[in-house]
Structure formats: C-alpha cells, structure tokens
Amino acid sequence: MERTADSGTSLRIAIQKDGRLTDKTINLLEGIGLRFDDYKRSLMLQCRNFDVELLLIRDDDIPEYVQDGVCDLGFVGGNVTAETQADVTVLQGLDFGICRLSLAAPKDGKIQTIQDFQDKIIATSYPNLTRSFLEKHNVEANIVTISGAVEIAPRLQVADAICDLVSTGNTLKANGLEELEIIFESETEIIQTNKTLSPGKQKLIKKFLQRIDGHLQAERSRYIMMNAPKSAVPEIKKIIPSLKSPTVMPLADEDMAAIHTVIPIEEFWVVMEELKAAGATGIVMLPIESMIL
Ligand code: PRT
Ligand code: ZN
C-alpha cells in the first residue's frame, strides 16, 4: 500500500463511499467550489477544477490509507481514527457526523455503574476504545467484537451489555437499553498523512484548508441588515457582537441609517429582540457563501 509522498501530482483524498458521511462530505467539497462528476458510481474521481482526486472507500479503511500515504487527506469519523489507532494528524473537526461511543446495558438491569461491567460480556465494533476505557477504570470484561447490529446482542443473550455509537439514543431505547457511560465523543474530521509531502502538495493542502475554513466560518455566520434611527446606532453597535465594526450607511430619510454586519448564527436569535427594542426595523438575515477573514 505504501507509495512515496511525491507520487502523483493531485491531492488524493479518501472519503466514505456509501454511508452516513458521504453526502455531507461531497456537499462540503462542492461548497468550497470543487466540482465532480457522478460520485455514486466511481471508486476514484478526479475533480474537474481543483488538483484533487477522491478515493471512495469504506470508512474503516480511511485512517490506514492516510497513514500509509496512499491518500494525503481523509474525511472520517474521529471514532474510526481513534479505534484504528492510525498514525495520522487530525487537522480539523467538521461539525457533522456528531455522535458518541457509549457503554449501554439493559434498562433497570444489574449493570448500572462502570464497576458493574466487571467480568461481563460486552459486544462492540470498537474493541480497542472499549478496552482502553475499561482498563483506565480497572475493570476487566470480556469484549466480543461484532461488526453490526450490536444493539441486539443482549436480547440474543450473546452479551450482557454493548458499547456502540449513539446519536439520538432512539436505537438504544428501541432495544430496551440504557446509555450508562460515554467513552468517546466524535465528529467527522479531516486527517492528514504523517508521511513527508512535497512542497507542492503542502501548498495545495494549505489552499484546500483555507477554503474549508472560509466555508465553515460562513456556515456558522449570517449577514444581517437593518434600518434604525441614527440616534439608535451607538446602542445597536453595542448590541451587535460583530466580527468587525458594522457598516453604517445613510438612507434617503436623513434621520435613519442602514446597518449591515456579520454575526455568528447562534447570536442572531439572542440579539434580535434587543435590536428591535433599540429601534431597529426591517431586520433581514442572509446566508453567506464563504468568508475570508
Ligand atoms: O460501509 P462503511 O463501513 O463505510 O460504513 P459504516 O456502516 O461503518 O458507517 P456509517 O455510514 O453507518 O457511519 C459512518 C460514521 O457516521 C460513523 O463512523 C460515525 O462517525 C458517524 N455517525 C454519526 C454514526 C452515527 N452518528 C450513528 N448514529 N454512525 C453510526 N450510527 C448508528 C449507531 O451505530 C447505531 O446503530 O446509528 C445507531 C444509533 O443512532 P441513534 O440516533 O438511534 O442513537
Ligand atoms: Zn464502517
């Protein structure tokens, strides 16, 4: 699997072929301006307008491909990278594919605390993370590795408990299980190979990451516009936690001004009422395509 760091001129990026992360990863890549032909049918895709080539594979294989330098970058859940213990560098979390790896056991059963897992059988697809968590708590258990449908193992009486990914918790509930201990929190991440990369590739990665960063910043921000009496502008400036000072423009009505600024999306709803109370009218919020700070 080994290849030299300089082989190939394109950045080679591993992404999940067909799963929960695929569409979101492609959407992100398209969001930073990269264009691909139909990704559902190929294993390898050349980007039409950026020096990037995608390798579409199972998520479990991504950390190793990146570790070995077969791919320069990978988009994969932190849970997979941690479980495979691959020698890679995590560059950036991406705010999607958010989940947690948790120990769970039949609701109201004998297992309630970490100590209760002593000598129990735990079914999981994450034996390494499970083992190292239990070791840290001086608990010895029998870990059984299974690759899917982990949540039904207790009902089939092949295990006393499980350690599995949880997002809403509905799967656990539907199977009569109770989440007892979070052992790992995860999101999709960009990982980079630790193999030496050519200066050309390093430059490409820098450019690629700048675009990702601009896109993520933009996703978390909104452009807001409002009108307000000029006398209210100082008060409004105080309310708006803008990145830079807001743009204030005169209107045809000499007593009024238009105020434009960018704010983090979660702050919009907090400051909205305050802005109205300060005299702002016609408040408009718009999405932003990208931001370079
Ligand atoms: O075929 P391939 O090996 O590529 O895919 P896969 O089947 O191994 O993975 P996939 O596509 O199911 O998940 C890919 C990644 O998505 C995971 O590695 C996580 O990083 C992330 N992710 C986020 C999740 C979940 N949320 C999630 N809820 N992966 C799996 N689940 C499963 C979980 O295993 C359980 O069965 O969903 C169920 C629990 O969900 P809730 O909402 O009921 O709690
Ligand atoms: Zn997988």
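How do the residues of the lining of the largest pocket divide into nonpolar, polar and charged? In this predicted model, they divide into 13 nonpolar, 15 polar and 10 charged residues. The briefing below starts with that pocket, then turns to the zinc ion (ligand 2) and to Leu275.

**The largest pocket**
- The space inside the largest pocket comes to about 1100 Å³.
- Its lining is made up of 38 residues, and those closest to the centre are Arg20, Asp59, Asn79, Tyr126 and Leu165.
- Three elements each give two or more residues to this lining: helix H3 (78-84), strand E9 (161-166) and helix H5 (170-174).
- H3 supplies the largest share, with 4 residues.
- Both domain 1 (11-95 + 187-218) and domain 2 (99-186) contribute, each with at least three lining residues.

**The zinc site**
- Asp59, one of the residues closest to the pocket centre, also coordinates the zinc ion (ligand 2) through OD, together with Asp60 (OD), at 2.0 to 2.1 Å.
- The site of this zinc ion has 4 donor atoms, and the angles among them run from 75 to 170 degrees, an irregular arrangement.
- Asp60 has a relative accessible area of 37%, so this residue counts as partly exposed.

**Around Leu275**
- You will find Leu275 in helix H8, which spans residues 265-278.
- Leu275 counts as buried because its relative accessible area is 0%, and the cut-off for buried is under 20%.
- Ala228 is 47 residues away from Leu275 along the chain, and the C-alpha atoms of the two are separated by 9.2 Å.

Key:
Residues are numbered from 1 along each chain as its sequence is written. Chains are lettered from A and ligands numbered from 1 in the order in which they are written. This is a predicted model: local features need pLDDT of at least 70, side-chain atom pairs count only at pLDDT 80 or more; totals for chains, interfaces and linings use all residues. Side-chain values use heavy atoms; hydrogens and water are left out. Donors are N, O and S atoms within 2.8 Å of the metal (3.2 Å for Na, K and Ca); water is not among the atoms, so sites may look incomplete. Four donors count as tetrahedral if all angles lie between 85 and 135 degrees; four count as square planar and six as octahedral if opposite donors are over 155 degrees apart and all others between 65 and 115; anything else is irregular. Buried means under 20% relative accessible area, exposed over 50%, partly exposed in between (1.4 Å probe, protein chains only). On a 1 Å grid over the protein atoms alone, a cavity is a set of points where a 1.4 Å probe fits but cannot get out, and a pocket is an open set with protein on both sides within 12 Å along at least five of seven lines; lining residues have an atom within 4 Å of a point. Grid points are joined across faces, edges and corners, and a volume is the space filled by probe spheres set on the points. Ala, Val, Leu, Ile, Met, Phe, Trp, Tyr, Cys and Pro count as nonpolar, Asp, Glu, Lys and Arg as charged, and the others, Gly among them, as polar. Domain bounds come from an automatic or database domain assignment.
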